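User: Please take a close look at the aromatic pairs of this structure. I should like a formal explanation that a first-year student can follow.

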Amino acid sequence: MYWTDWGEVPKIERAGMDGTQRSVIIDADIYWPNGLTLDYEEQKLYWADAKLSFIHKSNLDGTFRQTVVKGSLPHPFALTLFGDTIYWTDWTTHSILACNKYTGEDRREVDTNIFSPMDIHVFSQLRQPNATNPCAGHNGGCSHLCLMSPAEPFYQCACPTGVRLKDDGKTCMHGATELLLLARRTDLRRISLDTPDFTDIVLPLDDIRHAIAIDYDPVDGYIYWTDDEVRAIRRAQVDGSSSQFIVVSQVSHPDGIAVDWVARNLYWTDTGTDRIEVTRLNGTMRKILISEDLDEPRAIVLDPTNGYMYWTDWGENPKIERAAMDGSDRLILVNTSLGWPNGLALDYTEGKIYWGDAKTDQIEVMNMDGSGRRVLVEDKLPHIFGFTLLGDYVYWTDWQRRSIERVHKHTSEREVIIDQLPDLMGLKATNIHKLSGSNACADSNGGCSHLCLYRPQGPRCACPIGLELINDMKTCIVPEAFLLFSRRADIRRISLETNNNNVAIPLTGVKEASALDFDVTDNRIYWTDISLKTISRAFMNGSALEHVVQFGLDYPEGMAVDWLGKNLYWADTGTNRIEVSKLDGLHRQILVWKDLDSPRALALDPADGFMYWTEWGGKPKIDRASMDGNERITLVPNVGRANGLTIDYAERRLYWTDLDTNLIESSNMLGQDREVIADDLPHPFGLTQYQDFIYWTDWSRRSIERANKTSGQNRTIIQGHLDYVMDILVFHSSRQSGWNECASSNGHCSHLCLATPVSGYTCGCPVHYFLNPDNKTCSAPSSFLLFSQKNAINRMVIDEQQSPDIILPIHNLRNVRAIDYDPVEKHLYWIDSRQTIRRALEDGSQVTVVSNTNSNQNLDMQPYDMSIDIYSRFIYWTCEATNVINVTRMDGRAVGVVLKGDQDRPRAILVNPERGYMYFTNLQERSAKIERAALDGQSEKFSSSLA
């Protein structure tokens, strides 16, 4: 076979049709060799050069070179031959030309006006003459390709790219046996390690946005990879088929992934959620293994035979750690002389751990117990990322060199596998079918109903989030009831039966959780955070986390869910208010705000329409009111700081802990018939009740305990070693039963349906709104006062009830210096420290920038005050930098300057559009004044000195 090459070194080459005996036959007097054809009769080679404008010929070995057409052709491209004539296409003349193949004479145009003539051939049997063909019979005996050859036996069997030929010289292996799997940012590739060409093949996969980590399951032949942008873990077969998403929720930055090919589980690290998690290989039965003391976990590898997992953490204190594959027995192996340990690989045969560090630029190795650490490679490693080991070689990707390299683990000999390939990420070298190692999880999943996690001591059965292990330690069930408790930085669940199920609910961003409740109908938990000053909710598996109340909270230490009216009640010790909203935080209303002194614990009885709360102020007590805030009475006056207020709905009794006397007490629903249930506790705090038991937390004993709810006997410690458990409750449907009218169509109320004892319910409105005469719907206040604080805008109304002010739920307010209101569009306008005028609706939605002075880099604009002309739809605003009064349309389009004088320094401004005047303060150097002018700035008629 013959080919032209018009690269940096132009040439014509030839080789056997099996790729052997390659040689350059023409490399002089050549520039753009475009056309090439053979004359089989005369055994000659013809070629056309588009730069040198000629057609030459030579013998088939390049000797005896002759000119056919001298350098006069405009731009010859393709060339063919038939009989005594050569034919070629020309890009410049848009034609097909011909001439005599010996002399170049008799030149003529065969066809013309061809838009873009490219290749050309003569169709004739004579152009494909017969010859002896060793491949003709049975494909030469080859299983795949039979290629002709210039050397005896004049043919050679060959295999598809990356597949090795067996020793018989005829049969190909069934695909590659050793593969390098490569994740690039937007594609996955495979490279066969069986053949020396290391050709990379892109897998036909859709929608890869930012692939990072990659691993392989040799049992089912699936590739697993993580995608940082789609926030998912996916898998597909090696040929790209059967692609599917397997983990899609609560995935943030999954930087590391590892297949447990024995127990059929998938492990991954997530540097966004700072967790190590496990699922079955199909993405079911998800469980969090490690969620504490992880900073930036990245690479993870497994040793299923010995029951260990290893991972790197490149956070503030970089380290390589080991734990059993169930997350227990955690141990730091290395935490010195590390920077960014990105890659990790295990050598199972020799019992070694290799890692690559992108900051120290080294590849190191040590024994599996952390001993015997030494450097393997330390030069020309600008930025290691992906890292893997197979046989005698360690492979890695390098971000800066854009290469994949390998090094022999004993001789340290290096070799480049692939060069100049950008966006290289994870890497996995694997044997396609070969399995190594096993453990007891391989046999019937270790007898486990769900997850079998192997440890050095043997298999351990585990349950996905929401299930509990029963006493046989193998079977997971959905528990009828369980305990929930909040503990500063996390919210956990624990079995009522066995104490082997203390599990954190996977929530991100919890700082200081305090009060806790749940809604059993949609399986959600609600909690207050006194550090973030928010009330949040999420499903029991940690998904769909959202903040439902984010404004106007100080110390929301009591909270309860009204499961019938779908309302949320909370008590704020800092603001001294008890408030209510819908479960999503909408339609917020303040129920009790007068004569409240540090309200703390809160309990609801929606079926009877009462709410109960404790106060911790100067005179601690327990009060009751209807759930619309009316009919308030004190039930228990002589009590210490009561906490953990809980209702036994079946027996109709109240329970609480007393922090001043360290008692657990009980009374009937009217505060009478008081009984001491426990009087010998060091520091009881949280309390809940379920069936015949009360459960409480003790800050001194650091425990959760239970006892009989009437006698206080039969005490059991449910869980120890727990610091500062804030709230505790039992999750069970019996804690949220009953019925009231709000449970049916929200009582036909437009906003809030609030349960009451006698009439059953009243309709409630958002704060400052008032109930219409139909007693069902609400109307917005027609007059109110707005005022700004540094980072908030408040609203208050002047009424007989002296309603309290509220903070409007508008995000990201900074140094609000001026506000106004447009009653037509119901928009609130303000000037902030970013020197912009912004607007939003009162519910915080539709925030837009009306005038952005930074967009055109005009730093001379510093809005100081503004006033709206609601009729002409203009905003008048004063500028501190230019000392003028500007006019802007409501959509931000400039109208112009209405007042500008050398001595003027206008600041505060107010327009009176009914009279056609504006009033403003003018801070002139000698005499500050209040002035009046027409709205067009003309005819100043009035000024009053501010001497």
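Analyst: The following account treats the aromatic pairs. The model is predicted, so local features need pLDDT of at least 70 and side-chain atom pairs count only at pLDDT 80 or more, while totals for chains, interfaces and linings use all residues. Residues are numbered from 1 along each chain as its sequence is written, and side-chain values use heavy atoms, with hydrogens and water left out.

A pair of aromatic rings is described by the distance of the centres and the angle of the planes. Rings of Phe, Tyr and Trp (its six-membered ring) pair if their centres lie within 6.5 Å; planes under 30 degrees apart count as stacked, over 60 as edge-to-face and the rest as tilted. A search of the whole structure finds 16 such pairs.

One of them joins Trp-261 and Tyr-348 edge-to-face, at 6.0 Å centre to centre and 75° between the planes. This pair links distant parts of the chain, 87 residues apart: Trp-261 lies in the loop between β21 (256-260) and β22 (265-270), and Tyr-348 in the loop between β29 (341-347) and β30 (352-357). Strands are DSSP runs (E, at least two residues), numbered from the N terminus. Trp-261 counts as buried because its relative accessibility is 14%, whereas Tyr-348, at 38%, counts as partly exposed. Buried means under 20% relative accessible area, exposed over 50%, and partly exposed in between (1.4 Å probe, protein chains only).

Phe-784 and Tyr-821 also form an edge-to-face pair, with 5.1 Å centre to centre and 80° between the planes. Here Phe-784, in the loop between β69 (778-779) and β70 (785-789), is 37 residues apart from Tyr-821 in strand β73 (residues 818-822). Phe-784 has 25% relative accessibility and therefore counts as partly exposed.

Methods: Helix = DSSP H or I, 4+ residues; strand = E, 2+ residues; numbered from the N terminus.
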